Amino acid sequence: MMIRSTKDFWAGLVYISFGSTAILVGRDYQMGTAFRMGPAYFPTILGGLLVVIGAISVIRSFIAVGAPIGRFAIQGLLLVSAAIFLFAFLVRGLGVALALPILVIISAYASTRFRWGPTLIMAVGLTVFCVLVFLEGLGIPLPMLGPWLGG
Amino acid sequence: MDLIGNLWLGLQTSASLANLSYCFVGVFLGTAIGVLPGLGPTATIAMLLPVTFVLPPVSALIMLAGIYYGSQYGGSTTSILVNLPGEAASVVTTLDGYQMARKGRAGAALAASAIGSFFAGTVATLLIAAFGPPMANMALKFGPAEYFSLMVMGLAASIVLAQGSLLHAIGMVVLGLLLGLIGTDVTSGIQRYTFGIFELADGIGFVTVAMGMFGLGEIIRNLENEEERSVAISKITSLWPTKEDWRRMMPSILRGTAIGSVLGVLPGSGSILGSFAAYSIEKKVSKYGSQFGTGMIEGVAAPESANNAGAQTSFIPMLTLGIPSNPVSALMVGAMIIHGIQPGPSVISEQPALFWGIVVSMWIGNLMLIILNLPLIGMWVRMIMIPYQFLYPGILVFCAIGVFSLKNAEFDIYLMGLFGVLGYIFAKLGCEAAPMLLAFILGPLMEEYLRRAMLLSRGNPWVFLQRPISATLLVIAVLALCSVLIPSFSKTREEAFVEGAG
């Protein structure tokens with residue numbers, strides 16, 4: 001047996017895992033009847049459906065030839081998601097004035113054309129803009145300098 | 001005349017200085033994101049939604065609608081001038097539009113696209129005005145069974161229109177429905193699939209998912225191969241079409257408008273289907289059909305009229321039924337709910353100024369767009385040159401702050417990041433996000449209507465087929481899904497998307 005379509009194979013596994021989670025976790029809730037549906041009724045049907053679709057996809061991956069998944073943009077994926085997660089982690093403690101430039105610099109680093117000069121200008125510009133528009137203008141409750149800095 | 005009175009009310013609402021300015025901001029931003037590749041209307045509207053909370057509801061919706069149809073205009077500019085469709089709906093415009101530009105007729109192509117769009121926008125505005133109220137009246141008679149079947153039909157349409165494998169489109173729809181159920185169950189009050197996480201009790205915000213999958217996921221995908229975008233831009237000489245051009249493009253504009261208007265109303269489709277259908281029909285009908293692809297003005301006028309007509313008539317199901325037909329109108333439904341307006345058939349009678357104000361603002365917005373696009377074309381051309389590496393960190397910043405401001409919670413930023421990663425992985429696996437997103441919004445609604453319908457029928461599932469409107473909707477859904485299996489149709493569908501990918 002050989003996997004002929006990696007896309008179908010992995011997508012199928014993703015469906016199966018989501019579907020079976022829905023069914024297993026749903027066992028804690030009441031099923032009810034078709035007349036009076038409990039909270040587990042609809043998600044269990046959907047979960048079952050998703051498992052079936054996943055199974056078809058996996059089976060098909062052994063039969064029909066599909067396009068390969070192709071190169072993953074590992075650097076982009078890691079840097080962009082890390083920049084976002086780090087921003088969420090830092091923003092209340094450090095404040096927007098520091099967390100935001102960090103977000104800009106880390107994410108900009110993901111580009112193959114990264115250069116320090118324009119990135120720093122962009123970081124400063126965006127930070128000033130966001131502080132003026134979102135913090136001052138719209139009153140979003142985020143500190144400019146956070147408590148970690150004694151702000 | 002009732003219609004005139006209503007349009008007058010709409011004009012009074014939308015022509016206030018404040019609303020005119022918001023309309024202008026909307027269409028201006030729309031054109032800009034249409035021009036910039038890698039940033040679509042879904043992500044933009046999701047980012048701006050928090051900003052609109054401080055506005056009155058009419059102004060907010062006028063601006064958001066402007067972004068959507070404005071992006072259709074901007075998308076065609078790049079298609080014609082640099083062969084890069086800024087928007088999915090303007091992919092077919094590249095085929096003849098760019099060829100026209102290479103022959104030195106960029107001006108005529110841009111004019112054909114703008115005039116076609118303006119005409120289509122005018123007709124579509126009138127159609128919404130004429131058919132909105134009767135549709136809403138019909139919808140007032142809808143029971144839970146009809147609503148459920150309507151949503152099934154919408155999801156079926158989004159499956160048919162999804163790119164790639166039918167199986168994965170269905171899979172993504174089911175997955176979307178499931179994810180939509182996370183949170184507190186309205187009927188029983190218990191928390192489902194929250195895994196004890198307190199922040200999930202209210203469910204996952206739609207904006208969070210949209211920003212993650214369309215904003216972040218798209219950025220990561222664009223970083224995969226940063227293509228060189230220093231493209232030679234064609235010179236624009238005369239913007240005014242010749243007499244011959246007028247004669248040739250008028251029938252195409254009429255056909256494109258008709259096709260786009262009809263297809264736009266279908267839930268799940270929006271403007272993309274219209275432009276593809278209009279191009280392929282035009283190719284068959286037109287005298288110059290065999291020369292399509294070499295720079296025929298009909299091949300620009302028809303799809304451009306169709307995508308603008310479709311972008312506007314896609315608001316009909318949202319405004320009259322409260323059922324979103326694509327991610328953009330789903331965001332607008334979200335905006336209405338946040339402003340305390342329950343979307344549905346009663347909006348027209350209870351909030352006439354809101355409904356008619358939006359309708360009339362669409363026409364005003366189209367007028368602004370034609371002015372923005374033709375004389376100011378030079379400014380948009382310069383915008384195409386902005387390198388992507390200066391663009392995406394800004395998008396990320398606005399996404400992060402925007403999603404935080406929804407509930408003032410860092411949790412939503414984490415969640416958005418997670419959906420960004422998921423969105424990228426799904427894109428790599430050939431699973432499209434658009435049908436999932438639509439299903440995500442419809443999930444809780446569908447469950448609610450399914451429960452009510454079954455309660456009323458005492459658990460008899462045949463109720464969906466016994467009620468004529470509901471049965472009709474379900475039959476349409478089944479026919480739509482079956483049509484994909486017909487070899488000739490599925491071949492055209494694939495071709496359309498292959499052309500789209502190219």
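# Reading helices and contacts in a two-chain model

Modeller: Let's start with a helix pair: helix 3 and helix 4 of chain A run roughly antiparallel to each other. Please keep in mind that this model is predicted.

Colleague: Gladly. At what angle do helix 3 and helix 4 of chain A pack, and how far apart are their axes?

Modeller: The general idea is to compare N-to-C directions, where an angle over 145 degrees counts as roughly antiparallel. Here helix 3 and helix 4 of chain A meet at about 175°, and 8 Å separates their axes.

Colleague: Which residues make that contact?

Modeller: Helix 3 of chain A contributes Leu79(A), Val80(A), Ala82(A), Ala83(A), Leu86(A), Phe87(A), Leu90(A), Val91(A) and Leu94(A). From helix 4 of chain A come Val96(A), Leu98(A), Ala99(A), Ile102(A), Leu103(A), Ile106(A) and Ser107(A). By character, this contact has 15 nonpolar residues, one polar and no charged.

Colleague: Is there a rule of thumb for the spacing in such lists?

Modeller: Yes. An α-helix has 3.6 residues a turn, so residues three or four places apart point the same way.

Colleague: Stepping back, how many helices and strands are there in chain A?

Modeller: Chain A has five helices and zero strands, giving the pattern α-α-α-α-α along the sequence. Its radius of gyration is 24 Å, well over the 15 Å that the globule rule gives for 151 residues, so chain A is more spread out than a compact globule. The C-alpha trace of chain A spans about 55 × 45 × 25 Å along its principal axes, and 38% of the 151 residues count as buried.

Colleague: And where does chain A touch chain B?

Modeller: The contact draws 59 residues from chain A and 52 residues from chain B. On the chain A side, helix 1 (6-26), helix 2 (41-63), helix 3 (74-94), helix 4 (96-108) and helix 5 (116-137) each supply at least two residues. Helix 3 of chain A gives the largest share of that side, 11 residues. The chain A side divides into 43 nonpolar, 11 polar and five charged residues.

Colleague: Now chain B. Is Glu447(B) buried or exposed?

Modeller: Counting neighbours settles such a question, since 20 or more other C-beta atoms within 10 Å make a residue buried. Glu447(B) has 24, so it is buried. This residue lies in helix 20 (residues 433-456) of chain B. Setting aside neighbours within four places in sequence, Glu447(B) contacts Phe42(A) and Leu181(B). Glu447(B) and Phe148(B) are 299 residues apart in sequence, yet their C-alpha atoms are 8.4 Å apart.

Colleague: How many residues of helix 3 of chain B are buried?

Modeller: 11 of its 12 residues are, so to speak, mostly covered; among them are Pro41(B), Ile45(B), Met47(B) and Thr52(B). The buried residues of helix 3 of chain B pack against helix 2 (17-35), helix 4 (57-82), helix 9 (206-224), helix 14 (327-338) and helix 18 (392-407) of chain B. Length can be checked too: at 1.5 Å a residue, helix 3 (residues 41-52) of chain B should span 16 Å, and its end C-alpha atoms are 15 Å apart, which agrees.

Colleague: What does helix 18 of chain B show under the length check?

Modeller: Helix 18 of chain B, with 16 residues, reaches 24 Å from first to last C-alpha, close to the 22 Å expected. In helix 18 of chain B, 14 of the 16 residues are buried, so this helix is largely enclosed by the rest of the structure. Asn408(B) follows helix 18 of chain B, with a positive phi near 50°.

How values were computed
Residues are numbered from 1 along each chain as its sequence is written. Chains are lettered from A and ligands numbered from 1 in the order in which they are written. This is a predicted model: local features need pLDDT of at least 70, side-chain atom pairs count only at pLDDT 80 or more; totals for chains, interfaces and linings use all residues. Two residues are in contact if their C-beta atoms, placed from the backbone, lie within 7 Å. Helices (H or I, at least four residues) and strands (E, at least two) are DSSP runs, numbered from the N terminus. Ala, Val, Leu, Ile, Met, Phe, Trp, Tyr, Cys and Pro count as nonpolar, Asp, Glu, Lys and Arg as charged, and the others, Gly among them, as polar. Axes are lines fitted to C-alpha atoms, for helices over the stretch in contact, and angles run from 0 to 180 degrees between N-to-C directions. Angles under 35 degrees count as roughly parallel, over 145 as roughly antiparallel, 65 to 115 as roughly perpendicular and the rest as oblique. The radius of gyration is taken over C-alpha atoms; the globule rule is 2.2 Å times the number of residues to the power 0.38. The expected span of a helix is 1.5 Å times one less than its number of residues.
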